[in-house]
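Thanks, everyone. I will put the structure up and then talk through it piece by piece.

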Amino acid sequence: MIINTGMRTDIPAFYSKWFMNRIREGYVLVRNPYYHEQVTKYLLNPDVVDALAFCTKNPAPMFPYMNEISKFRQFWFITITPYGKDIEPNVPDKNAVIESFKQLSDIVGVNAVGWRYDPIFITKKYSLEYHIRAFEKMAENLCGYTKQVVISFIDIYKKTKRNFPEARSVSSSERIEIGKAFAQIGRKYGMTIRSCFEGTDLEPYGVDVAGCMTHDIVEHAVGVKLDVPKMPNARQGCNCLLGNDIGTYNTCGHLCRYCYANYDNQTVLDNMKRHNPNSPFLIGGHQKGDIITSAKQFSYLSNQLTLDLF
């Protein structure tokens with residue numbers, strides 16, 4: 001199976017010590033975000049975990065532990081956008097993140113690291129032309145350290161309207177212009193541009209619209225064939241392997257204004273105070289009435305030979 005860590009929070013940036021304690025103890029407890037008394041126990045063992053999938057804006061806090069987690073296959077997404085502290089108040093300096101990206105690529109291999117440039121939104125400051133210039137500058141800097149870039153455009157959820165009221169949807173014409181420009185830049189620097197849950201509108205311009213973490217992408221990243229059973233999609237129209245996430249909503253300290261996983265800043269700060277790096281739960285601990293169920297875990301590894309990535 002695949003263990004995901006980054007759909008609900010940023011574990012490498014804020015909870016790396018906790019994560020390593022979970023790896024050392026060999027299991028993690030995950031509270032259902034909608035039915036809190038329901039708890040799932042996942043074993044963190046390479047015999048049943050075929051890959052660890054990370055998504056972060058700052059991988060550097062995990063670097064002291066890379067030798068310990070090298071027993072697991074890994075697939076990393078690093079999000080690097082052109083926004084400033086007005087939008088991403090607690091994200092480290094972008095140049096520092098780019099250097100961490102390069103270091104991570106050297107450790108786990110170029111196939112196992114992807115760049116996310118999302119969400120894309122348009123304002124007077126962050127204009128369409130600004131995005132194209134910023135994207136090319138970053139792509140040039142990351143050339144040779146990744147082969148793929150995932151893009152998506154901002155979704156205006158209720159929490160987004162509340163935390164980022166000036167945000168607006170990106171128009172169809174703006175999407176196409178960005179898709180065309182990014183695909184051309186990607187080809188220039190040896191990167192495939194993939195869209196995340198954006199339909200097929202950008203396919204004619206050279207954007208891969210199949211998904212950002214599909215079966216084929218994960219196989220290529222980890223270098224082995226996987227016989228993944230048919231599972232229901234996390235979202236209608238999404239082909240990615242997104243299940244089994246061990247994170248918790250409302251815990252990401254980056255406090256980005258566009259964030260989909262945080263309700264509001266105060267909730268996040270309150271939750272982070274409840275974090276105990278020695279707990280099997282990311283936030284808090286055991287509660288009266290908890291119903292703990294062990295996940296059905298088994299390896300997806302195929303009997304076929306390791307993929308030839310060269």
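What follows is a walk through the sheets, the cores, one aspartate and a few backbone details.

Before anything else, please keep in mind that this is a predicted model.

I will start with the main sheet. Six strands make up an open sheet, and their order across it is 1-4-5-6-7-8. The pairing is parallel. At the edges stand strand 1, residues 2-4, and strand 8, residues 192-195. Each of these has a single partner strand, so one side of each is left without a neighbour in the sheet. From one strand to the next, the twist averages 20°.

Look at the edge with strand 1. Strand 1 and strand 4 run parallel and are joined by three bridges. Within that pairing, Ile2 is opposite Ala51 of strand 4. Packed on the sheet is helix 8, residues 215-222. Helix 8 touches strands 1, 4, 5, 7 and 8, and its direction makes about 110° with that of strand 5. For anyone following on the screen, strand 5 covers 74-79 and strand 7 covers 148-153.

Now to strands 2, 3 and 9. Strand 2, residues 27-31, runs antiparallel to strand 3, and five bridges join the two. The connection from strand 2 to strand 3 is a hairpin through six residues. Two of the facing pairs are worth pointing at: Leu29 stands opposite Lys41, and Val30 stands opposite Thr40. Strand 3 also pairs with strand 9, residues 291-294; here the two run parallel, with four bridges. In that pairing Gln38 is opposite Ile291.

Is strand 2 largely enclosed or not? Four of its five residues are buried, so strand 2 is largely enclosed by the rest of the structure.

Next, the interior. As background, nonpolar side chains in soluble globular proteins tend to be buried together. In this model the largest nonpolar core has 75 residues. Phe19, Ile80, Trp115, Tyr117 and Ile246 are the residues with the most contacts inside that core. Which helix gives the most to this core? Helix 5, residues 128-142, does, with six residues. There is also a second, separate core of ten residues, and Tyr83, Ile87, Val91 and Phe121 are among them.

On to the aspartate. Asp50 sits in the loop that leads from strand 3, residues 38-43, to strand 4, residues 51-56. Is Asp50 buried or exposed? Its relative accessibility is 0%, and the cut-off for buried is under 20%, so Asp50 counts as buried.

What does Asp50 contact, apart from its neighbours within four places in sequence? The residues are Met1, Arg73, Leu226, Phe298, Ser299, Tyr300 and Leu301. Two of these involve specific atoms of the Asp50 side chain. The side chains of Asp50 and Ser299 are joined by a polar contact of 2.6 Å. The Asp50 side chain also reaches the backbone nitrogen of Tyr300, at 2.6 Å. One further pair to note is Asp50 and Val224: in sequence they are 174 residues apart, while their C-alpha atoms are 9.2 Å apart in space.

Last, the backbone details. The peptide bond from Asp118 to Pro119 is cis, with omega near 0°. Pro119 belongs to strand 6, residues 113-120.

Then there are two residues with positive phi that are not glycines. One is Asn250, with a phi of about 60°. Asn250 lies in the loop between helix 8 and helix 9, and helix 9 is residues 265-273. The relative accessible area of Asn250 is 18%, so this residue is buried. The other is Leu255, where phi is again positive, at about 60°. Leu255 is likewise found in the loop between helix 8 and helix 9. With a relative accessible area of 12%, Leu255 is buried.

That is the end of my part; I will leave the structure on the screen for discussion.

Conventions. Residues numbered from 1 in each chain as written. Predicted model: local features only at pLDDT ≥ 70, side-chain atom pairs only at ≥ 80, totals over all residues. Heavy atoms only, no water. Buried < 20%, exposed > 50% of the residue type's maximum accessible area, 1.4 Å probe, protein only. Contact = heavy atoms within 4.5 Å. Polar contact = N/O pair within 3.5 Å; in protein donor to acceptor, adjacent residues only side chain to side chain. Core = buried A, V, L, I, M, F, W, Y, C linked by side-chain atoms within 4.5 Å. Pairing = 2+ DSSP bridges. Axes fitted to C-alpha atoms, helices over the stretch in contact; angles between N-to-C directions.
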